[in-house]
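Work through these exercises with the model open beside you. Try each task before you read its solution.

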Amino acid sequence: MPVTPLRTQATSEAQGGNSLDDFARRKLSELDRAHLRRRVVETSRTESIWMVRNGRRLLSFSCNDYLNLAQHPAIAAAAIAAIQRHGVGAGASRLVTGSHPLLGELEQRLARLKQTEAACVFGSGYLANAGLIPALIGGDDLVLIDEFAHACLWSGARLTRGTVLPFRHNDVGHAEALLTQHRGRHPRGLIATDGVFSMDGDLAPLRDLAQIGARHDAWLLSDDAHGIGVLGGGRGSSFVDGRVEVPLQMGTLSKAIGSYGGYLCASEPVVALMQNRARTLIYSTGLPAAAAAAAIAALDVIEGDPAYAARPLAKAKAFTRRVGLPKAQSPIVPVIVGDSQAALAASRRLEDEGFLVIPIRPPTVPDGTARLRLSFSARHPDHEIERLADFIRNKIL
Ligand SMILES: Cc1ncc(COP(=O)(O)O)c(C=O)c1O
């Protein structure tokens, strides 16, 4: 029987490339043509809000370290002490030997802050959503998700292999209509939303979503990545107007907390179920001790000084007032420019003025809504916020 020779990699390269690289190059040129190509740019942080990029010192409005805790001396000291005591890496999954004592302490602190029975720490916020949603929801079940929800809520929802229905952004009426129509056909249902929307900075109507969730027996999951530490006295977006009962409160330790890692705050049985069913918890190495120690020290700062926690939102409000934009609801303020090329150009002009503001383009945001996404932190100087506001009002909008 004749044997067809295999095309070796060397042969393929000699002929000018291989299908893998050809595919990658074709995709990249499509992105280039649409002004949608991203590049990873080396950026070093000097003093929290100040960055060095391409050899220039810039004032960043594109960092989620809202409380400037990532470089706080007490928090760095806590991380260093934890490395000295527990080492650098956790060495194994939490279910094997990777659950060092700082993780339990951090979980107690998070549960206390969020007023839940228990908490569960994951390797990152993305891993939390990718693990917790499929641990609760299966192929026969229903997930309702806000159309602007963060990519990792979408990833978790899709991993369930259940029915995933988007509802119009913050449209509780639409969400309830979908529940009325579809909920009865599925054993379990979940409503997934950001608490603070990462690209728009607006808040989810959590109280109303909790009510329709209770009416239709659909569990509410709120991703509070951008709310913890900065809203509701530091407790997050479900504590802004009194406390809203959200049974699944997820978030990250990588933004206002200044460290790294993700969490779910929930009831004791739900957390115990995570330890048994959440694949991203079971089959991934535990969070390093230094990240947990830093997060605990950051919670000390936040709980000890609620006035400091309120500063990023106050700064964002000062900015929106001066530009004449709708009042900021969180430290995130979008300045919508429209097309991607215009957003890139606006960002370059701001860089000429000494500001680092990264443009956000589709598919992260819907087509035609490319934007500058500004994030305000406790230590942004007021006079720089005024200079930024005046430039955006006079030269960009
Ligand atoms: C709303 C939201 N959820 C989750 C995440 C992911 O968290 P992490 O960076 O810890 O993976 C992010 C951003 O990173 C986010 O903006």
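**Exercise 1. Find the polar atoms that face the ligand, then say how far the ligand is covered.**

Solution. This is a predicted model. Start with His-150: one of its polar side-chain atoms lies 3.5 Å from a ligand oxygen. Go on to Asp-223. An N or O atom of the Asp-223 side chain is 2.6 Å from a nitrogen atom of the ligand. Then take Thr-252, where a side-chain N or O atom sits 2.6 Å from an oxygen atom of the ligand. Now turn to the cover. On its own the ligand has 380 Å² of accessible area, and the protein covers 86% of this.

**Exercise 2. Describe the residues around the ligand.**

Solution. Begin with the count: 14 residues surround the ligand. Among them, Gly-125, Asp-223, His-226, Thr-252 and Lys-255 come nearest. Next, sort the shell by type. It holds three nonpolar, eight polar and three charged residues.

**Exercise 3. Which strands does β10 pair with, and are its faces covered or open?**

Solution. Locate β10 at residues 262-266. Strand β4, residues 118-122, joins β10 through five bridges, and the two run antiparallel. In this pair, Phe-122 is opposite Gly-262. Strand β9, residues 248-252, is joined to β10 by four bridges, again antiparallel. Here Thr-252 is opposite Gly-262. Thr-252 is also the residue with a side-chain N or O atom 2.6 Å from a ligand oxygen. Now check the faces. Gly-262, Leu-264 and Ala-266 are buried on one side of β10. Tyr-263 and Cys-265 are buried on the other. The tally for β10 is five buried residues of five.

**Exercise 4. Is Ile-137 buried or exposed, and what does it touch?**

Solution. First place Ile-137: it is in the loop between α5 (125-136) and β5 (142-146). Its relative accessible area is 2%, under the 20% cut-off, so Ile-137 is buried. Then list its contacts, leaving out residues up to four places away in sequence. They are Leu-142, Val-143, Thr-160, Arg-188, Gly-189, Leu-190 and Trp-219. Finally, compare with Leu-159, 22 residues from Ile-137 along the chain: their C-alpha atoms are 9.3 Å apart.

**Exercise 5. Trace the four-stranded open sheet.**

Solution. Read the order as β1-β2-β3-β12, with mixed pairing. The edges are β1 (43-45) and β12 (355-356), each paired on one side only. Inside the sheet, β2 (residues 50-53) and β3 (residues 56-60) run antiparallel and share four bridges. Val-52 is opposite Arg-57 of β3.

Technical notes
Residues are numbered from 1 along each chain as its sequence is written. This is a predicted model: local features need pLDDT of at least 70, side-chain atom pairs count only at pLDDT 80 or more; totals for chains, interfaces and linings use all residues. Side-chain values use heavy atoms; hydrogens and water are left out. Buried means under 20% relative accessible area, exposed over 50%, partly exposed in between (1.4 Å probe, protein chains only). Contact means heavy atoms within 4.5 Å. Two strands pair if DSSP finds at least two bridges between them. A residue is near a molecule or strand if one of its heavy atoms lies within 4 Å of it. A polar contact is a pair of N or O atoms within 3.5 Å; within protein, one must be able to donate a hydrogen and the other to accept it, and residues adjacent in sequence count only if both atoms are side-chain atoms. Accessible areas come from the Shrake-Rupley method with a 1.4 Å probe; for residues, only the protein chains shown count as cover. Ala, Val, Leu, Ile, Met, Phe, Trp, Tyr, Cys and Pro count as nonpolar, Asp, Glu, Lys and Arg as charged, and the others, Gly among them, as polar.
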